[in-house]
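Hi,

Here is the structure I promised to pass on to you. Have a look at it first, and then read on for what turned up in it.

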Amino acid sequence: MTNRIETERLQAYKRRFDELDMRIASAMKQWSIPILRVSLAVVFIWFGALKVFEISPAADLVAATVYVVSPEVFVPVLGVWEVLIGICLLYRPLIRVGIFLLFLQLPGTFLPLVLLPEVVYTTAPYALTVEGQYIIKNLVIIGAALAIGSTVRSEAEQ
């Protein structure tokens with residue numbers, strides 16, 4: 001008799017946990033992409049604005065990487081580009097444009113790994129400096145952009 005009661009209690013706890021887990025998962029499904037989209041937009045607008053106002057700690061790294069265009073021109077233009085990415089991510093009809101701009105911009109962010117190994121590695125190719133970590137975090141941005149992009153079509157059809 002005791003085993004049966006314990007089994008029923010255990011099943012009741014499991015049902016409660018499953019119900020709670022389903023509610024949490026449902027809320028996460030509802031809010032994850034919008035929060036991810038706004039978070040990514042904030043990062044791009046903020047980092048871009050720092051470049052536009054010439055107060056970005058990454059400006060020297062960008063300047064050292066780009067040889068074709070003067071850093072005095074390139075860094076603020078890159079900043080405007082990043083702000084545009086952020087704005088596009090905030091305005092639903094422009095998400096595709098924002099992701100397109102992001103995927104044009106991001107490959108260039110990895111150039112210092114090849115062009116400036118002395119700046120991004122303490123021991124190449126695995127021990128990163130702060131600058132190297134700043135660059136590698138762009139892998140997370142790529143993943144976020146892919147997740148956001150995967151919802152654009154379904155959101156547009158709703």
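The buried residues of helix H3 pack against H1, H2 and H4. Please keep in mind that this is a predicted model. Those buried residues of H3 are Val75, Pro76, Leu78, Gly79, Glu82, Val83, Ile85, Gly86, Cys88 and Leu89. H3 itself has 20 residues, and its first and last C-alpha atoms lie 28 Å apart, close to the 28 Å expected at 1.5 Å a residue.

Next comes helix H1, which runs over residues 2-52. With 51 residues at 1.5 Å each, H1 should span 75 Å, and the 71 Å between its end C-alpha atoms agrees with that. Along the way, H1 bends by about 40 degrees at Trp31, and Pro34 follows within four residues. The buried residues of H1 are Ile33, Arg37, Leu40, Ala41, Phe44, Gly48 and Lys51. If you wonder about the spacing in that list, an α-helix has 3.6 residues a turn, so residues three or four places apart point the same way. Just after H1, Glu54 takes a positive phi of about 55 degrees.

One residue of H1 deserves a visit of its own: Lys51. Is Lys51 buried or exposed? Its relative accessible area is 3%, and because buried means under 20%, Lys51 counts as buried. Leaving aside residues up to four places away in sequence, Lys51 touches Ser56, Val62, Val75, Pro76, Leu78, Gly79, Glu82 and Tyr134.

Now for the pockets. The largest pocket has a volume of about 470 Å³. There are 26 residues in its lining, and Leu78, Glu82, Gln105, Gly108 and Thr109 lie nearest its centre. Elements that give two or more residues to this lining are H1, H2 (59-65), H3 (71-90), H4 (95-109), H5 (111-115), H7 (130-136) and H8 (138-157). By class, the lining of the largest pocket divides into 18 nonpolar, 5 polar and 3 charged residues.

The second largest pocket has a volume of about 200 Å³. Its lining consists of Phe47, Leu50, Lys51, Ser56, Pro57, Ala58, Leu61, Val119, Val130, Glu131 and Tyr134. H1 and H7 each supply at least two of these lining residues. Here the classes come to 8 nonpolar, 1 polar and 2 charged. You will recognise Lys51 in this lining, and two of the residues that Lys51 touches, Ser56 and Tyr134, belong to the lining as well.

Enjoy exploring!

Best wishes

Notes
Residues numbered from 1 in each chain as written. Predicted model: local features only at pLDDT ≥ 70, side-chain atom pairs only at ≥ 80, totals over all residues. Heavy atoms only, no water. Expected span 1.5 Å × (residues − 1). Bend = angle between axes of the 7 residues up to and from the residue. Buried < 20%, exposed > 50% of the residue type's maximum accessible area, 1.4 Å probe, protein only. 1 Å grid on protein atoms, 1.4 Å probe; cavity = no way out; pocket = protein on both sides within 12 Å on 5 of 7 lines; lining within 4 Å. Points joined across faces, edges and corners; volume = space filled by probe spheres on them. Nonpolar A, V, L, I, M, F, W, Y, C, P; charged D, E, K, R; others polar. Contact = heavy atoms within 4.5 Å.
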